[in-house]
Amino acid sequence: MKLTSVFPLLFLVPFLASCAENKQVYIVYFGEHKGDKALHEIEENHHSYLQSVKESEEEAKSSLLYSYKHSINGFAAELTPDEASKLEKLEEVVSVIESHPRKYETHTTRSWEFVGLEEEETDDDDVRRRQKDDVDDRFRVGRKFLRQAKHGDGIIVGVLDSGVWPESKSFSDKGMGPIPKSWKGICQTGVAFNSSHCNRKIIGARYYVKGYEKYYGSFNVTANKDFLSPRDPDGHGSHTASTAVGRRVYGAAALGGFAMGSASGGAPLARLAVYKACWAKPNQEKVDGNVCLQEDMLAAIDDAIADGVHVISVSIGTTEPLPYSQDGIAIGALHAVKRNIVVAASAGNSGPKPGTLSNVAPWIITVGASTLDRAFVGGLVLGNGYTVKTESITAFKMDKFAPLVYASNVTVPGIALNNTSQCLPNSLKPELVTGKVVLCLRGTGSRIGKGMEVKRAGGVGMILGNSLANGNDIPSDSHFVATAAVTPSSVEKILEYIKTDKNPIAFIKPGTTVYKNQPAPLMTGFSSRGPSLIDANILKVTLLVVFFSTSKENLKLLIITETNRFNSFYGLLQPDITAPGLNILAAWSGADSPSKVSLDQRVAAYNIYTGTSMSCPHVSGAIALLKATHPKWSSAAIRSALMTTAWMTNDEKKPIQDTNGLPANPFALGSGHFRPTKAADPGLVYDASYRAYLLYGCSVGFIDIDPTFKCPSKIPPGYNLNYPSIAIPNLNRTVTVKRTVTNVGDGNSTSTYIFSAKSPPGVSVKAKPSVLSFNRIGQKKRFKIVVTARRDKMMNVTEKGQYQFGWFSWTDNYHVVRSPIAVSLS
């Protein structure tokens, strides 16, 4: 970064200084508790820090929102930037984190069958008949695995989201045993939520609103359209919770009867603990998403750890990459992992652009989104004979062909030119639309809102066309007119037909549910991609320091920080895994419509929803089953088991494809599509301790977390963290990566594993040693992966700095322990 590029900031200093008294919420993070103070002493200690920067004890106490005192050591308080800066300079403070409402967002029955888990035999004739006809060995293996895991019984899954709709059949406690004795949490009551709404399934519920109210003012029911309680106002929390641990509900379906079947979570007998930290945005449509303040989320994670959960599921992430010291989810998850709680989180919905990943901390299991083998197939027929299958869960029918028009040609005067094609509210002219099918393009505005506008103007059908930015992902929405959603290539053909035919016409066929739709899985376009862009050499300094100080020292720190942002070394390949996230059927809120648009007065017990928010709880449910099967396994061991046993091929035994029709690379799908039944017996695992993560933190500047741990004088490179994948950028020589595997073979105390690899182009990958022999369960073996740039093979490598991909594996007579590799050459 050039020095001159910093100077414009200095002109802002007088202005910013004049605003120094403007208070906002900051999190002051101290790391791990020393364990020498009672809870009330911890809070008093936090008050003392506030008193050091406040004018009075009363002001200090009134400014405090949360005192994190169970596992996380820190507090959230209203501070001026000057007060935050003073606290940040204290030696014992790890980081001071500025909070704002746009920092995080939610990442929003067939799926479990698709990945190999099927319920056991029942007395239901329809279910028994379907199981008899099902000859796929995956399902028989799945039934055995579910029995071994006791369907997750005894495992407590904490879901951090927008709450729960307790009346849903997915959260029934019928037939469940007593609440686990290890549970220490509470059932917090509030508006429309009392103690009876907790049961032997929903064993605990809490809500966190202090941070939210500091930004938006006191809770207002009319403006918020929410409940000041753990009750879910919009469906997102109920959907994610039921996907992970919902009971099996026969005959569940979305509006119109779509996806009819059995709705079930992955671990249907696991217990649910609800932590509501996401709230509806005031005076906005619910379709615009929730607000999740990190001070509220951090309080939720701190309580979840103390309550005794085994798994935390977080379908929330940052809107842009943050260093670990500034990321509340990463901080909370590290403290959870110390207590051997497994944390799964969504990768984000900003794909397919590279470097868009959220939740990239290596102690979090990061989940991308792929498809399953169920489709909702409708059809579009044009007057010239052009026919295309479309995704549709709209039950409205057209009786005959109708005239076809393009939205841009039928708008009212005054609509901005770049908006005329998008069917925005009150943009269409009824006299030109009545009785016709309208081609609308995606862009701004909700998809469901476009169909409502077509209906308002008298249209009988809508073709909703993806732009190039949307790619080929077709989310299924329950529209108000007959609708066909199409890809960009179809949009081009439809536009050409409208331009060249004097009387263009179209007919839209209603959708039907189709199973075993091939190929599957496919990667979704919206799923965020690697590589991780978190600065591996981040310094403990923020722009806040520069804004309120003109010192040369602080100016120098900013220059160093910005320079390192472009010269960092990334040693992790993420996301870790992918799971179904497109068009998932699960429980819904009775306070919201399927479309989440206020004009839509329909109510649905189950709804189809899309996002990495939906893929994350799939993995959380699988984790619950693995925890029940292997209660002594660490969080890292469970991650390893999921990653090294994942699918890299689809149901046609071909490589899983990305949205461009080419094989998806590990920056899209990580290690592959998860297979819970295989993860129960992975053979070998790559384990890592809490202290190993602290040591990794030394390599990325995330330090002083634990008072009992100090970084060594010689810090090992971050790529030596014992992770089930490897990423090496800018390789120009030989890099030796160290790894350790632990034998967890299914009762096989004696086993021999042989190394094999498919090297990335231009690279040699070898193991030393190349044979590993074990004579007992729990035995560990170290090895080195030697990665060398081969100049003689670089002619076929298309571009310097472009990542190439490969894999290596360890194989005995039964297990294949596979890890992806990503390498770029300098």
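**Reading backbone and charge features**

Guide: Asn730 is found in strand S28, which spans residues 726-731. Please note at the outset that the model is predicted.

Visitor: What is the phi of Asn730 near?

Guide: The general idea comes first. Most residues other than glycine have a negative phi, and most peptide bonds are trans. In this structure, Asn730 has a positive phi, near 55°, although the residue is not glycine. With a relative accessible area of 48%, Asn730 is partly exposed, because that class lies between the buried limit of 20% and the exposed limit of 50%.

Visitor: Where is Asn426 found, and is Asn426 buried or exposed?

Guide: Asn426 sits in the loop between strand S19 (402-406) and helix H14 (430-433). Its relative accessible area is 52%, so Asn426 counts as exposed. Asn426 also has a positive phi, of about 60°, without being a glycine.

Visitor: Let us turn to peptide bonds. Is the bond from Gly530 to Pro531 cis or trans?

Guide: As a general rule, most peptide bonds are trans. The bond from Gly530 to Pro531 is cis, with omega near 5°. Pro531 belongs to the loop between strand S23 (505-515) and helix H17 (543-547). Another cis bond joins Gln574 and Pro575, where omega is about 10°. Pro575 is placed in the loop between helix H18 (552-567) and strand S24 (577-580).

Visitor: How should a buried charge be read? Which side chain of opposite charge is nearest to Arg442?

Guide: One asks whether a partner of opposite charge lies within 4 Å, the cut-off for a salt bridge between side-chain nitrogen and carboxyl oxygen. Arg442 is buried and has no salt bridge; Asp477 is the nearest side chain of opposite charge, at 7.1 Å. The side chain of Arg442 does, however, make a polar contact of 3.0 Å with the side chain of Asn466. Arg442 lies in the loop between strand S20 (437-441) and helix H15 (447-456).

Visitor: Which residues gather in the patch of positive charge on the surface?

Guide: A patch is read as a group of accessible residues without salt bridges, with like charges joined within 9 Å. Here the positive patch on the surface gathers Lys714, Lys738, Lys766, Lys768, Arg782 and Lys784. Strand S31 (763-768) and strand S33 (780-789) each supply at least two of the patch residues.

Visitor: Which strand holds Lys738, and why does Lys738 count as partly exposed?

Guide: Lys738 lies in strand S29 (residues 734-743). Lys738 counts as partly exposed because its relative accessibility is 48%.

Note on methods:
Residues are numbered from 1 along each chain as its sequence is written. This is a predicted model: local features need pLDDT of at least 70, side-chain atom pairs count only at pLDDT 80 or more; totals for chains, interfaces and linings use all residues. Side-chain values use heavy atoms; hydrogens and water are left out. Patches are made of residues with over 30% relative accessible area and no salt bridge: like charges are joined within 9 Å, nonpolar side chains (Val, Leu, Ile, Met, Phe, Trp, Tyr) within 5 Å. Accessible areas come from the Shrake-Rupley method with a 1.4 Å probe; for residues, only the protein chains shown count as cover. Lys and Arg count as positive and Asp and Glu as negative; His and the chain ends are not counted. The place of a charge is taken as NZ of Lys, CZ of Arg, CG of Asp or CD of Glu. Helices (H or I, at least four residues) and strands (E, at least two) are DSSP runs, numbered from the N terminus. Buried means under 20% relative accessible area, exposed over 50%, partly exposed in between (1.4 Å probe, protein chains only). A polar contact is a pair of N or O atoms within 3.5 Å; within protein, one must be able to donate a hydrogen and the other to accept it, and residues adjacent in sequence count only if both atoms are side-chain atoms.
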